[in-house]
Amino acid sequence: MRRILFNLVIKPWIILAHKSYVNECKRHGKYCEYKGVYIISDPRYFADYDNYKSSVIAALQLIEKVSMVRFLRLARDIDFICNLALPGLNGLFVSVRKMCCVNFGIPSYRHDIGHLALLIIHEATHAHLISIGTRMKHARIEQICIREERRFFRMAFGHNPVVEKWFEERLQEPVLTSFALFKIFLKNKECFVERR
Ligand SMILES: [Zn+2]
């Protein structure tokens with residue numbers, strides 16, 4: 001039942017809203033490609049686009065430099081990286097459009113390229129697991145994504161006890177249920193309606 005509702009209502013809605021986004025980004029010149037990944041923005045944050053774009057490119061370049069394998073996988077599994085400020089969420093992967101959303105309003109993503117790269121690695125891991133058809137509980141998938149972030153962090157920056165503790169704490173945290181996520185969407189539905 002949930003799948004039918006998703007395919008008949010939610011999926012077409014996301015596709016329409018997304019196409020509108022992409023057209024609006026192109027029209028305003030807020031659209032750029034980095035090696036097959038399109039960097040777009042929620043039109044509400046167009047004013048911040050240049051700052052956001054250069055941070056995302058720097059984060060992608062960091063991933064590319066640290067792990068070419070991860071970068072190539074990311075470029076295959078993600079078509080768009082979108083600045084989308086959803087209160088309560090750091091990031092999100094929207095599989096129907098192969099879109100990684102990042103909440104660039106969060107100060108640490110704005111000021112720390114490494115932190116932004118970790119978020120992209122996290123969402124790219126979701127993307128990869130979906131692309132290979134993995135069927136696991138959401139909580140298990142979150143653990144895999146956080147562990148992948150940790151592996152990437154160690155490769156990029158080495159061992160850091162403070163960050164290791166942060167990863168450990170996150171691995172213990174409960175994950176958002178699909179219902180909680182849906183409530184966040186409903187609360188912020190103006191992000192998803194078509195605009196001119
Ligand atoms: Zn996740």
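A residue is buried if 20 or more other C-beta atoms lie within 10 Å of its own, exposed if 12 or fewer, and partly exposed in between; the C-beta atoms are placed from the backbone. The model is predicted, so local features need pLDDT of at least 70 and side-chain atom pairs pLDDT 80 or more, while totals for chains, interfaces and linings use all residues. Residue numbers start from 1 along each chain as its sequence is written.

**View 1. Leu181 sits in helix H8.** Helices (H or I, at least four residues) and strands (E, at least two) are DSSP runs, numbered from the N terminus. Helix H8 covers residues 178–187. Is Leu181 buried or partly exposed? Leu181 is partly exposed, because its C-beta has 16 neighbours inside 10 Å. Now find Ile120. Leu181 and Ile120 are 61 residues apart along the chain. Their C-alpha atoms are separated by 19 Å.

**View 2. An open sheet is built from five strands.** Its order is E1-E2-E3-E5-E4. The pairing is mixed. Two strands pair if DSSP finds at least two bridges between them. Strands E1 (32–34) and E4 (91–94) form the edges, and each pairs on one side only. On average, neighbouring strands of this sheet are turned by 25° against each other, ignoring direction.

**View 3. Strand E5 (residues 99–102) pairs with E4 and with E3.** Toward E4, the pairing is antiparallel and runs over four bridges. Here Gly91 has Val102 of E5 as its bridge partner. Leu92 stands opposite Cys101, and Phe93 stands opposite Cys100. Toward E3, the pairing is parallel, also over four bridges. There Phe80 stands opposite Met99 of E5.

**View 4. Strands E5 and E4 each show two faces.** In a regular strand the side chains alternate between the two faces of the sheet. Which residues of E5 point the same way as Met99? Met99 and Cys101 point one way, and Cys100 and Val102 point the other way. All four are buried. The edge strand E4 has a covered face and an uncovered face. Gly91 and Phe93 make up the covered face of E4. Leu92 and Val94 make up the uncovered face.

**View 5. Lys98 takes a positive phi in the hairpin of E4 and E5.** This hairpin has four residues between its strands. Lys98 lies in the loop there, between E4 and E5. Its phi is about 45°, although Lys98 is not a glycine. Most residues other than glycine have a negative phi. Lys98 counts as partly exposed because it has 17 C-beta neighbours inside 10 Å.

**View 6. Lys35 also has a positive phi, of about 50°.** Lys35 is not a glycine either. Look for Lys35 in the loop between E1 and E2. Lys35 counts as exposed because it has 12 C-beta neighbours inside 10 Å.

**View 7. Helix H2 (residues 49–66) lies across three strands, E1, E2 (37–41) and E3 (80–83).** Helix H2 runs at about 150° to E2. Angles run from 0 to 180 degrees between N-to-C directions, with axes fitted to C-alpha atoms, for helices over the stretch in contact.

**View 8. Helices H3 (residues 68–77) and H5 (residues 113–131) pack at about 65°.** Their axes are 9 Å apart. Contact means that two C-beta atoms, placed from the backbone, lie within 7 Å. Which residues of H3 meet H5? Arg70, Arg73, Leu74 and Asp77 do so. On the H5 side they meet Ile121, Ala124, Ala127, His128 and Ser131.

**View 9. The largest nonpolar core holds 35 residues.** A nonpolar core is a set of buried Ala, Val, Leu, Ile, Met, Phe, Trp, Tyr and Cys residues joined through C-beta atoms within 7 Å. Ala59, Ile63, Ile81, Cys100, Val102, Ala117 and Ile120 touch the most other members. Two or more residues come from each of helix H1 (2–27), E2, H2, H3, E3, E5, H5 and helix H6 (138–157). Which element gives the largest share? Helix H5 does, with eight residues. Now zoom in on Ile63. Leaving aside neighbours within four places in sequence, Ile63 is in contact with Arg70, Phe71, Leu74, Ala117, Ile120 and Ile121.

**View 10. Glu148 sits in helix H6.** Not counting residues up to four places away in sequence, Glu148 touches Ile121 and Thr125. Glu148 counts as partly exposed because it has 19 C-beta neighbours inside 10 Å. Tyr52 is 96 residues from Glu148 in sequence and 24 Å away in space, C-alpha to C-alpha.
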